[in-house]
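Here is a friendly walk through one protein chain and its ligand. Keep the sequence and the 3D view open as you read.

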Amino acid sequence: ALVSMKEMLIKAKAEGYAVGQFNINNLEWTQAILQAAEEEKSPVILGVSEGAGKYMGGFVAVVHMVKGLMESYGTTVPVAIHLDHGSSFAKCKEAIDAGFTSVMIDASHHPFEENVKITSEVVEYAHAKGVSVEAELGTVGGDEDGVIGGIIYANPEECRKMVELTDIDCLAPALGSVHGPYKGEPNLGFKEMEEISKLADLPLVLHGGTGIPTKDIQRSISLGTAKINVNTENQIEATKVIREILDNDKVVYDPRKFLGPAREAIKATVIGKIREFGSAQKA
Ligand code: G3H
Ligand code: ZN
């Protein structure tokens, strides 16, 4: 069923696992993730960046595609359609009006007071429609669809205030994670994560899930992380398969001959993450 993230994340935090947010790019991505979640009986969050939303034909097209697949597949697990790194109130509103069940307002590059103000406006509009809201503090490193940043650690005291002032459903405190592959091992701020978890009693979100070792995933979950975002890893695995097929077969032209195997690669990757995050059999 199409739902907001609220209940799934409260349950995940209480039971000590994390729900994966897997970003979608097209039909095959969406199929793969829905199939993986259903087979694993896991709740799942479909992440849609503004760029990917535009690529797929706009937010309305995305919602219809997801609903269409869920109906065809007879999906029973909880699914959220979530705007990833929403850049403004207007973009969040557009996604909500199109039928998204969840949005992230990423006003983290604004000064704190401004971030709180924009986030509050989004929460007010979203909650009136039963839509959940994620906010961000600090800066995730790397580059995702033009969301570029050098790593800035979230300030725990600001996290406490943000939660107190805005009624958000979950918070992404940037603590050293990076969009895209890591250069070397990630250096996550677990001390700050623990502090934030004590100060702010709500599910935390970990961005930049690609390339984070299992021990760090487990530690993050034990410190209140209930949502983990993964995008790049699926892209790498899908592209690897396509490249191999095209390298080995210079005459293939039916797109299903390489997009089908790419879809299988995404599905296998998502199943691996679902098991690693502990959300299998939790739907
Ligand atoms: O918002 C999406 C994520 O934070 C994805 O990060 O591409 O490094 O897996 P990733
Ligand atoms: Zn992110």
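Let us begin at Val 123, which touches Val 133, Thr 166, Asp 167 and Ile 168 when residues up to four places away in sequence are not counted. You will find Val 123 in helix H6, which covers residues 112-127. Val 123 counts as buried because 22 other C-beta atoms lie within 10 Å, and the cut-off for burial is 20 or more. For a sense of distance, try Lys 267: its C-alpha atom is 33 Å from that of Val 123, and the two residues are 144 apart along the chain.

Please keep in mind that this is a predicted model.

**The chain as a whole**

The protein chain has 11 helices and 11 strands. Its C-alpha atoms fill a box of roughly 60 × 40 × 35 Å along the principal axes. How does the radius of gyration of the protein chain fit with a compact globule? For 283 residues, a compact globule would have a radius near 19 Å, and the 18 Å of this chain agrees with that.

Of the 283 residues, 50% count as buried. Among contacts in the chain with a separation of 6 or more, 70% are between residues 24 or more positions apart.

**The nonpolar core**

In soluble globular proteins, nonpolar side chains tend to be buried together. Here, the largest nonpolar core has 78 residues. Which residues have the most contacts inside this core? They are Ile 33, Leu 46, Val 103 and Leu 171.

Leu 171 is worth a click in the viewer. Leaving aside neighbours within four places in sequence, Leu 171 is in contact with Ala 135, Leu 137, Cys 159, Met 162, Val 163, Ala 200, Leu 202, Leu 204 and Val 205.

**Ligand 1 and the annotated residues**

Ligand 1 is surrounded by 16 residues, and the closest are His 207, Thr 210, Asn 229, Asn 231 and Thr 232. By class, this shell has 12 polar residues, three charged residues and one nonpolar residue. Strand S3 (79-86), strand S11 (225-230) and helix H10 (232-248) each supply at least two residues of the shell.

Now for the record. In an unreviewed UniProt entry, the annotation "binding site" covers His 85, His 179 and His 207. These residues span 123 residues in sequence, yet no two of their C-alpha atoms are more than 11.7 Å apart, so they gather at one spot.

His 207 is found in the loop between strand S10 (204-206) and helix H9 (214-222). Not counting residues up to four places away in sequence, His 207 touches Val 140, Ala 172, Ser 177, His 179 and Asn 229. One of these, His 179, shares the "binding site" annotation in UniProt.

His 85 is found in strand S3, and so is Asp 84. UniProt lists Asp 84 under "active site", again from an unreviewed entry. With neighbours within four places in sequence left aside, Asp 84 is in contact with Asn 23, Gly 47, Val 48, Ser 49 and Met 104.

Are these residues buried or exposed? The table gives their C-beta counts.

| Residue | Other C-beta atoms within 10 Å | Class |
|---|---|---|
| His 85 | 26 C-beta atoms | buried |
| His 207 | 29 C-beta atoms | buried |
| Asp 84 | 28 C-beta atoms | buried |

**Two further stops**

Ser 102 sits in strand S4 (residues 102-105). With 30 C-beta neighbours inside 10 Å, Ser 102 counts as buried. Leaving aside neighbours within four places in sequence, Ser 102 is in contact with Ser 4, Met 5, Ala 80, Ile 81, His 82, Val 131 and Ser 132. The C-alpha atoms of Ser 102 and Ala 174 are separated by 20 Å, with these positions 72 residues apart along the chain as the separation.

Finally, look at Gln 218 in helix H9. Why does Gln 218 count as partly exposed? Gln 218 has 16 C-beta neighbours inside 10 Å, and a residue is partly exposed when its count falls between the limits of 12 or fewer for exposed and 20 or more for buried. Glu 276 is 58 residues from Gln 218 along the chain, and their C-alpha atoms are separated by 8.4 Å.

Methods. Residues are numbered from 1 along each chain as its sequence is written. Chains are lettered from A and ligands numbered from 1 in the order in which they are written. This is a predicted model: local features need pLDDT of at least 70, side-chain atom pairs count only at pLDDT 80 or more; totals for chains, interfaces and linings use all residues. A residue is near a molecule or strand if its C-beta atom, placed from the backbone, lies within 6 Å of it. Helices (H or I, at least four residues) and strands (E, at least two) are DSSP runs, numbered from the N terminus. Ala, Val, Leu, Ile, Met, Phe, Trp, Tyr, Cys and Pro count as nonpolar, Asp, Glu, Lys and Arg as charged, and the others, Gly among them, as polar. A nonpolar core is a set of buried Ala, Val, Leu, Ile, Met, Phe, Trp, Tyr and Cys residues joined through C-beta atoms within 7 Å. Two residues are in contact if their C-beta atoms, placed from the backbone, lie within 7 Å. UniProt positions are given in the numbering used here, feature names are shortened, and annotations may be inferred rather than shown by experiment. The radius of gyration is taken over C-alpha atoms; the globule rule is 2.2 Å times the number of residues to the power 0.38.
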